Every structure is written in C-alpha cells, then in structure tokens.
Amino acid sequence: MVNLLVAAAVAAATPTGTLPAPPTAEPAMFVVRDADTTIYIFGTFHALDGQGNWFSDRVRNAFEKSDDLVLETLVPERPGPMPLPSPGFKPPSVTASASFLATTRMAINAGRSQGMQVGNGADMVLRHIAEAEGKPVEGLETLQSQLEMFTRMPAGQAAPAPRPGQPVGANPMDGLSKAMADMQAAWKRGDQSVFVNMLGQLRTASPDTYRMLFTERNARWADWIKARMQTSGTVFVAVGAGHLAGPDSVLVRLAERGVPSQRVN
C-alpha cells in the first residue's frame with residue numbers, strides 16, 4: 001500500500017490541473033497469455049472513495065474466469081502478532097523509518113479527507129469477493145518481507161514541500177489531498193500517464209526509495225508471472241497501478257523476458 005502513497009506525497013509539491021472523476025470507472029487491465037495460460041494483470045488503487053462501479057464488464061469477467069487471485073501481499077485484517085524479522089536482519093537507523101512512516105501517515109490522512117478508505121480499495125474488494133466465492137488468494141510477497149523493506153527505507157522528506165505560489169504557512173496537507181484525489185480520478189479513467197509523472201518525481205527525489213518500492217519488486221513480480229506461465233490455467237493478478245506504469249513497470253520487465261502484454265481495459 002505504501003508505494004502510491006509515497007509517490008503522491010512527493011508529487012504534492014508539483015502543481016497539476018484538476019482532474020474530475022468520470023461517471024464510470026474503467027481502471028487499466030492487461031493480459032499475458034499463451035496456448036494454455038492466461039494471466040490478467042490489474043492495476044489497483046489501495047484506498048478509494050467507494051464511488052463509481054469499477055468492478056464490472058471486462059474486469060468482472062476476467063476475475064470470474066480466473067482460478068486464483070494474486071495480490072501484492074496478504075495483510076491480516078485482524079490484529080495479531082507481527083512476524084519476526086529473518087535471522088541476521090539488522091534494522092537501520094530510527095530516522096529513516098520514522099521519516100518514511102510520517103510521510104505514509106500523512107498520505108493516508110490526506111486520502112481520508114477525500115473520503116478514501118482502505119476498506120473500499122480495489123485490493124480489499126477483490127479479496128473479499130474471492131474469499132466469498134471460494135477462490136484461492138495468495139500474495140506475491142510475504143508480510144514479513146514488506147516489513148523488512150519498510151525498515152530499510154532510506155531517510156527522506158517527512159512532509160511534502162508546499163506548492164510554488166502556496167502562501168507561507170499554508171497547510172501542506174492541502175496539496176497532498178489534491179494529489180490523492182487526482183490519482184484516484186486518473187485510476188478510475190485508466191489514465192496511466194498520471195502515475196508515470198508521479199513515479200518520475202519519486203525517482204528524482206529519492207532514487208533508493210524508488211528502486212526498493214518499484215524497480216526491484218517489479219522485476220521479481222515479472223519473474224513470478226513468467227514462471228506461472230508454465231502452468232496452465234487462468235490467474236487474476238492485482239497490484240498497485242503504479243507498478244504497471246513507467247519505464248521500470250512489471251509490463252516492461254515482462255517484455256524484456258519475452259512475455260508481451262496487451263491492454264484489455
């Protein structure tokens with residue numbers, strides 16, 4: 001969940017035009033296939049306002065035809081003991097983790113100010129539907145690996161800088177709230193260019209964070225998808241929309257591995 005939140009926090013410092021949400025939602029979805037295997041790759045948004053029916057038509061049909069649902073990770077929905085770090089793991093300085101946590105918390109709060117909730121997020125909705133239908137659900141990553149990635153996150157800007165022209169002392173949350181709303185609107189209409197722009201800003205502002213959140217994970221997920229193509233069946237893979245945009249996307253990595261994709265929504 002942290003990836004697009006971080007991108008939004010970085011992008012909040014850059015002015016963008018208002019992007020109104022369309023009456024119907026058509027988020028981007030891609031497919032890779034061979035003679036006996038079909039894998040749908042759907043870009044999710046982790047927190048939504050619950051307005052607009054995105055789970056319809058091609059997305060619903062692809063989901064219902066799939067044997068399995070694969071998410072980024074399976075986050076426990078009820079409180080419980082946290083997984084222990086792997087043997088030999090050394091946490092970094094408190095500063096890095098605290099800074100990253102502060103930025104992520106600000107992005108979550110900014111989304112809530114726009115009525116966006118994780119419970120309405122595409123990942124959670126898909127998981128609940130799959131579980132209700134008895135469809136197997138698995139994760140590309142473990143919760144432990146995500147927690148360890150979080151603690152390795154480099155120190156960075158704890159809060160987004162104010163936009164150019166913003167009065168001194170203005171609340172930076174205003175810019176972040178708008179960035180979250182713009183990203184949600186872009187997701188609903190399937191506009192990948194907004195995510196490309198956000199990712200470019202994150203890559204410039206914090207190359208190490210970008211590498212850990214996107215470059216390295218996208219390569220691993222592309223390897224997983226290519227390997228899964230060796231087994232027959234239909235799979236619905238749902239990952240954050242930012243992972244399907246830009247020069248380091250999962251789709252680009254798949255193409256480099258000889259697995260071309262096609263956009264189907």
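Here is a walk through the structure, from the overall layout to a few local spots. Keep in mind that this is a predicted model.

Start with the big picture. The protein is built from nine helices and six strands, and 48% of its 265 residues count as buried. If you take the contacts between residues at least 6 apart in sequence, 88% of them join residues at least 24 apart.

Now find strand E1, residues 29-33. Four of its five residues are buried, so by the cut-off of under 20% relative accessible area E1 is mostly covered. On one side, look for strand E2, residues 37-44: E1 and E2 run antiparallel and are joined by five bridges. With three residues between them, the two strands form a hairpin. E1 also has a partner from much later in the chain, namely strand E6, residues 262-263. That pairing is antiparallel too, and it takes in two bridges. A handy residue for seeing both pairings is Phe-30: its bridge partner in E2 is Ile-41, while in E6 it is Arg-263.

Next, move to helix H6, which covers residues 172-188, and pick out Gln-184. Is this residue buried or exposed? Gln-184 has a relative accessible area of 6%, which is why it counts as buried. What does Gln-184 touch, once neighbours within four places in sequence are set aside? The contacts are Phe-45, Ala-47, Leu-48, Asp-49 and Met-116.

Carry on to helix H7, residues 193-205. Its 13 residues reach 19 Å from the first C-alpha to the last, close to the 18 Å expected at 1.5 Å a residue. The buried residues of H7 are Val-194, Phe-195, Met-198, Leu-199, Gly-200, Gln-201 and Leu-202.

One of those, Phe-195, leads us to the empty space inside the model. Rolling a probe the size of a water molecule over the atoms shows where such space is left. Searching the whole structure turns up two cavities of 30 Å³ or more, and the second largest holds about 30 Å³. Phe-195 is part of the lining of this second largest cavity, along with Pro-27, Ala-28, Gly-43, Ala-186, Trp-187, Gly-190, Asp-191, Gln-192 and Ala-241. By character, that lining divides into six nonpolar residues, three polar and one charged. Some of the elements we have already visited meet here: Gly-43 falls within the residue range of E2, and Ala-186 and Trp-187 fall within that of H6.

Technical notes:
Residues numbered from 1 in each chain as written. Predicted model: local features only at pLDDT ≥ 70, side-chain atom pairs only at ≥ 80, totals over all residues. Heavy atoms only, no water. Expected span 1.5 Å × (residues − 1). Buried < 20%, exposed > 50% of the residue type's maximum accessible area, 1.4 Å probe, protein only. 1 Å grid on protein atoms, 1.4 Å probe; cavity = no way out; pocket = protein on both sides within 12 Å on 5 of 7 lines; lining within 4 Å. Points joined across faces, edges and corners; volume = space filled by probe spheres on them. Nonpolar A, V, L, I, M, F, W, Y, C, P; charged D, E, K, R; others polar. Pairing = 2+ DSSP bridges. Contact = heavy atoms within 4.5 Å.
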